[in-house]
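Colleague: Please take me through the ligand site and the chain around it, residue by residue where that helps. I would like the cut-offs stated as you go.

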Amino acid sequence: MSQQRSQWGSRVGFILAASGSAVGLGNIWKFPYITGENGGGLFVLIYLACIILVGLPILVAEIMIGRAGQSQPILAFHKIAGRRTGWSIVGWLGVLSGFIIGSFYIVVAGWAMDYTLKSVVGFTNPMAEQAETQALVYRATASDQDMQELVVEHRTRYELDRAERNWRRQFSPSTWSHWNDYKSAVEADADPEKLKEHTGIAAAANQVEAAQGQLKEAQDEILKSSRAEVSELSKASPIELRDEAETIKRRMLIRDQVTSVFMQLLGDGWTSTFWAGLFMFIAILVVANGISSGIERTCRVLMPLLILCIMTLVVYGFFQTGFNQALAFVFKPDPTSLEPKSVLEALGHAFFTLSLGMGAMITYGSYQRSQSGGLVGESVAIAGLDTGIALLACMMMFPIIFSYGQDPSGGPGLVFMSMPLAFAEMGEIGMLLGIIFFGLLVFAALTSAISILEVVASYLIDGHGWSRHKSVWIIGGSIFGFGIISAFANSAGFKMTSWLPGYGQSFFDTMDLLTSNWMLPLGGLLIAIYAGWVLPARIRKNELSDLSGFVAGAWLFLVRFVAPILVIIVLLDKIGLIDVDEISFHLMH
Ligand code: TRP
């Protein structure tokens with residue numbers, strides 16, 4: 001092992017590098033869309049609680065282990081816990097997670113690069129033009145009746161969904177899943193009477209069927225009042241109605257094209273591979289340059305740039321009509337749009353977004369001197385920056401999403417479909433904003449990808465004494481090689497979607513689920529248990545010596561009890577031993 005271990009140039013440099021790791025696709029691509037899918041407000045609040053109660057304590061634990069061990073995770077556990085205790089398994093799990101996360105992360109980052117270039121050449125301009133013409137034709141040819149119907153459909157779509165969601169709440173999750181089984185069996189021509197010989201199914205079917213009138217009534221009510229409103233509008237000012245119908249039509253047409261552009265990229269393994277490779281190449285160049293002159297220097301430039309880009313878009317959003325709506329959506333708690341499962345999703349995301357559970361922060365912490373103080377302050381700064389940027393990402397995207405009539409719960413496509421659509425509608429300025437937006441996505445992904453690469457490569461550097469250059473090229477090359485499978489996962493010609501017969505998920509999604517849902521929480525759980533219960537008290541004391549007894553005690557309590565228990569609940573729910581939705585349904589009824 002080398003005597004001259006590299007170090008960060010400064011504390012600020014460390015904080016920027018660690019928050020560079022934390023701030024990534026998770027903040028800008030994932031957080032806004034899961035917030036959208038979970039109805040905003042209350043979900044954000046729960047997420048904040050998860051960051052404070054679980055994320056922050058484990059972040060402190062990881063940096064502490066890194067500082068004390070002065071090595072990447074596997075060797076840090078060897079050193080502190082001893083070779084024979086088996087704790088280094090946690091390090092191995094982390095290296096494996098890093099390998100897997102890296103492999104699909106570079107594919108998404110590659111798409112962001114592709115979209116940056118697409119924005120430079122103004123890829124949405126021709127779509128916007130074509131849609132404009134077609135929408136004009138529509139306006140000139142469609143009957144008033146058709147236009148009214150289009151407007152009604154458009155105006156009521158969320159309300160109808162919401163009515164259905166609220167209606168569904170009266171059934172327990174198990175009732176609802178029986179009902180779904182029943183329905184799909186009937187659609188496949190099964191005899192309803194025979195199905196109802198199963199008492200659970202019979203009870204569920206009867207219960208849901210009996211309540212169906214209610215739903216229809218509620219939805220009819222919504223449609224009726226909207227129809228009245230729209231026909232009123234068409235009488236009072238027919239031009240306004242036609243304007244609205246034309247706008248809706250135009251956006252639908254752009255949406256079709258933007259969607260097909262994304263689907264094409266998704267299905268194009270070669271292009272995805274090319275960009276993933278280029279992205280990995282850049283990450284390799286950075287990491288090969290070392291800790292302070294490679295990683296730290298890059299993050300010092302990119303992090304402020306990233307914040308500047310986000311602020312530019314937030315300020316733009318501030319002047320848009322949808323700003324207040326976005327503000328309310330993100331910050332106003334609305335209990336009716338939250339499912340209990342969302343709590344689990346918030347917790348899982350807290351791990352991913354803070355780069356926890358695979359030893360990335362152990363690795364970064366190991367380039368600080370042990371007992372250099374300020375541990376909790378640094379962690380609060382990192383978690384604060386990460387959370388702040390995630391919230392800013394919402395405030396940059398949702399005003400645009402709402403102003404251009406898009407669905408906030410657009411899912412994973414929010415970044416690659418809904419945003420380009422809005423940019424297309426803006427014309428020239430949209431091109432500029434698109435470049436800024438996708439560029440910032442690339443920067444965010446780069447500062448995260450280098451941390452993933454560093455964890456895996458440092459095993460060869462610290463453990464086998466290999467040179468940094470050689471380790472980084474070999475590891476980076478292998479992660480890229482493995483990533484090619486994810487790049488081709490959606491290509492029809494390569495049949496990677498059916499890599500396991502009879503199993504519905506693509507290879508890409510499987511890698512994501514495997515790490516985010518299982519490996520990271522498991523790794524985080526073990527790290528919390530280790531730091532809270534096993535780590536010699538002397539080390540804990542040394543690293544936290546500059547803190548008041550209260551803060552240190554609070555940390556110990558969280559990392560010993562709160563964090564492990566919450567993570568165990570999540571894991572038990574995932575395994576299927578408990579069903580949080582079912583339990584909370586019965587608690588509330
Ligand atoms: N935190 C990054 C994001 O939000 C992703 C990431 C980087 C990561 N390094 C990690 C996730 C280590 C888990 C573990 O996009």
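Modeller: I start a little way off the site, at Gln-371, which is partly exposed because its relative accessible area is 48%, between the limits for buried (under 20%) and exposed (over 50%), with a 1.4 Å probe and protein chains only. This is a predicted model, in which local features need pLDDT of at least 70 and side-chain atom pairs count only at pLDDT 80 or more, while totals for chains, interfaces and linings use all residues. Residues are numbered from 1 along each chain as its sequence is written, and side-chain values use heavy atoms, with hydrogens and water left out.

Gln-371 belongs to the loop between H16 and helix H17 (375–403); helices here are DSSP runs of H or I with at least four residues, numbered from the N terminus. Its phi is positive, about 60°, although the residue is not a glycine. Ser-355 is another non-glycine residue with a positive phi, in this case about 55°. Ser-355 is in the loop between H15 and helix H16 (360–365), and it counts as buried because its relative accessibility is 11%.

The side chain of Ser-355 has two partners to report. One is the side chain of Ser-21, with which it makes a polar contact of 2.8 Å (a pair of N or O atoms within 3.5 Å; within protein, one must be able to donate a hydrogen and the other to accept it, and residues adjacent in sequence count only if both atoms are side-chain atoms). The other is the ligand: an N or O atom of the Ser-355 side chain is 3.0 Å from a ligand nitrogen.

Phe-352 contributes through its backbone, where a polar atom is 2.9 Å from a nitrogen atom of the ligand. Ser-451 uses its side chain instead, with a polar atom 3.3 Å from a ligand nitrogen. Of the 360 Å² of accessible area that the ligand has on its own, the protein covers 100% (Shrake-Rupley method, 1.4 Å probe). The ligand takes up the space of the largest cavity (on a 1 Å grid over the protein atoms alone, a set of points where a 1.4 Å probe fits but cannot get out). Helices H1 (11–22), H2 (25–37), H5 (88–120), H15 (341–353) and H19 (428–464) are the elements that each give two or more residues to the shell around the ligand.

In total, 17 residues surround the ligand, each with a heavy atom within 4 Å of it. The closest are Ala-22, Gly-26, Tyr-105, Phe-352 and Ser-355. By type, the shell has nine nonpolar residues, eight polar ones and no charged ones (Ala, Val, Leu, Ile, Met, Phe, Trp, Tyr, Cys and Pro are nonpolar, Asp, Glu, Lys and Arg charged, the others, including Gly, polar).

Two of those helices can be followed a little further. Ser-97, in helix H5, is buried because its relative accessibility is 0%. Its side chain reaches the backbone oxygen of Leu-93 at 2.8 Å. Ala-18 is in helix H1 and is likewise buried, since its relative accessible area is 0%. Between Ala-18 and Leu-354 there are 8.9 Å in space, C-alpha to C-alpha, against a separation of 336 residues in sequence.

A further pair of this kind involves helix H3 (residues 41–69), where Phe-43 is placed. Phe-43 counts as buried because its relative accessibility is 0%. Its C-alpha is 7.6 Å from that of Pro-333, although the two are 290 residues apart in sequence.

Conventions
1 Å grid on protein atoms, 1.4 Å probe; cavity = no way out; pocket = protein on both sides within 12 Å on 5 of 7 lines; lining within 4 Å. Sits in = over half its atoms within 2 Å of the grid points.
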